[in-house]
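Work through the exercises below with the sequence and the model at hand. Each task is followed by a solution in steps.

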Amino acid sequence: YIGDQPSSPEEIKRIQDSDYPKSDPIVMMVDKEQPMEFIRKIHTALREEDRRKLLYVGQTAIGERVEIVHMLPPDRKKVVLPDVNKISKENLLKIELGLKEDPTNQQKVYEFVTNHLHQGTAERCVVSARINDNATYSSYLSNYFHIKEGYIRLYQERAHEMFGKDFYETTREEYLAVRDRLPTNLSIAED
């Protein structure tokens, strides 16, 4: 749907800035069994229209609401994107997202980024996640959530160390200080 009208990926072009400013995120509420092939078509159409700010809304296995903010990369026809294959092996964590949820991805990301943080190379490390077209949106969203939580755990620790408070309670300046030299470098590869 776009607004309250049924739509297809090709109809993304009818999103008007006057109705939906580009500064507002596109809220994606997708059936959990939807194959990722369709989601990729939506992502591609949004990238082509430079509507890259997303808010994924989902539900955990126990029924808790999950919201994840995500910025799609620019349209590859308009911007040359970095080649993940040219990143050195020690700076790259590859994760196959698979067909089911894997909570261990959070710990893998946490340990990988923590190691780079202690070496002073956290800005160079990249988490490359790959999911195929046959996987479901549910699998994608739950695994994406676990990967992001690996970073959030680090931000929480730094916020408490630096300011004695929860990461989500930091001011803008504190938020930037917590994330300084610790970006969320996440590449989602599409098969």
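The exercises concern a predicted model and cover a sheet, the helices on it, a loop residue and salt bridges.

**Exercise 1. Determine the strand order of the open sheet of three strands and name its edge strands.**

Step 1. The order is β1-β2-β3, and the pairing is mixed.
Step 2. Strands β1 (26-29) and β3 (65-71) each pair on one side only, which makes them the edge strands.
Step 3. On average, neighbouring strands of this sheet are turned by 25° against each other, direction ignored.

**Exercise 2. Establish how β2 pairs with β1 and with β3, parallel or antiparallel.**

Step 1. Strands β1 and β2 (residues 53-59) run parallel and are joined by four bridges. Within this pair, Met-28 has Tyr-56 of β2 as its bridge partner.
Step 2. Between β2 and β3 there are seven bridges, in the antiparallel sense. Here Leu-55 stands opposite Val-69 in β3.
Step 3. The connection between β2 and β3 is a hairpin with five residues between the strands. Gly-63, in the turn, has a positive phi of about 90°.

**Exercise 3. Sort the side chains of β3 by face and by burial.**

Step 1. In a regular strand, side chains alternate between the two faces of the sheet.
Step 2. Val-66, Ile-68 and His-70 point to one face of the sheet and are buried.
Step 3. Arg-65, Glu-67, Val-69 and Met-71 point to the other face and are not buried.

**Exercise 4. State which strands are touched by helix α1 and which by helix α3, and give the angles.**

Step 1. The sheet is joined to the helices through packing contacts: helix α1 (residues 36-48) packs on the sheet and touches β1 and β2. The direction of α1 makes about 175° with that of β1.
Step 2. Helix α3 (residues 137-163) also packs on the sheet, touching β1, β2 and β3. The direction of α3 makes about 80° with that of β3.

**Exercise 5. Locate Pro-183 and list its contacts beyond four places in sequence.**

Step 1. Pro-183 lies in the loop between α4 (172-179) and β6 (186-190).
Step 2. Its relative accessibility is 25%, so Pro-183 counts as partly exposed.
Step 3. With neighbours within four places in sequence left aside, Pro-183 is in contact with Ala-122, Glu-123, Tyr-151 and Tyr-155.
Step 4. For a distance check, take Glu-48, which is 135 residues from Pro-183 along the chain: the two C-alpha atoms are separated by 25 Å.

**Exercise 6. How many salt bridges does a search of the whole structure find? Examine three of them, with the accessibility of their residues.**

Step 1. The search finds eight salt bridges.
Step 2. Asp-50 pairs with Arg-52, with the closest N and O atoms 3.2 Å apart. Asp-50 counts as partly exposed because its relative accessibility is 40%.
Step 3. Glu-157 pairs with Arg-153, and the closest N and O atoms are 3.8 Å apart. These two residues are four apart in helix α3, so about one helical turn separates them. Glu-157 has a relative accessible area of 31% and is partly exposed; Arg-153, at 30%, also counts as partly exposed.
Step 4. Lys-165 pairs with Glu-174, the closest N and O atoms being 2.9 Å apart. Lys-165 is partly exposed, with a relative accessible area of 23%. Glu-174 has 15% relative accessibility and therefore counts as buried, the cut-off being under 20%.

Methods:
Residues numbered from 1 in each chain as written. Predicted model: local features only at pLDDT ≥ 70, side-chain atom pairs only at ≥ 80, totals over all residues. Heavy atoms only, no water. Pairing = 2+ DSSP bridges. Axes fitted to C-alpha atoms, helices over the stretch in contact; angles between N-to-C directions. Contact = heavy atoms within 4.5 Å. Buried < 20%, exposed > 50% of the residue type's maximum accessible area, 1.4 Å probe, protein only. Salt bridge = Lys/Arg side-chain N within 4 Å of Asp/Glu carboxyl O.
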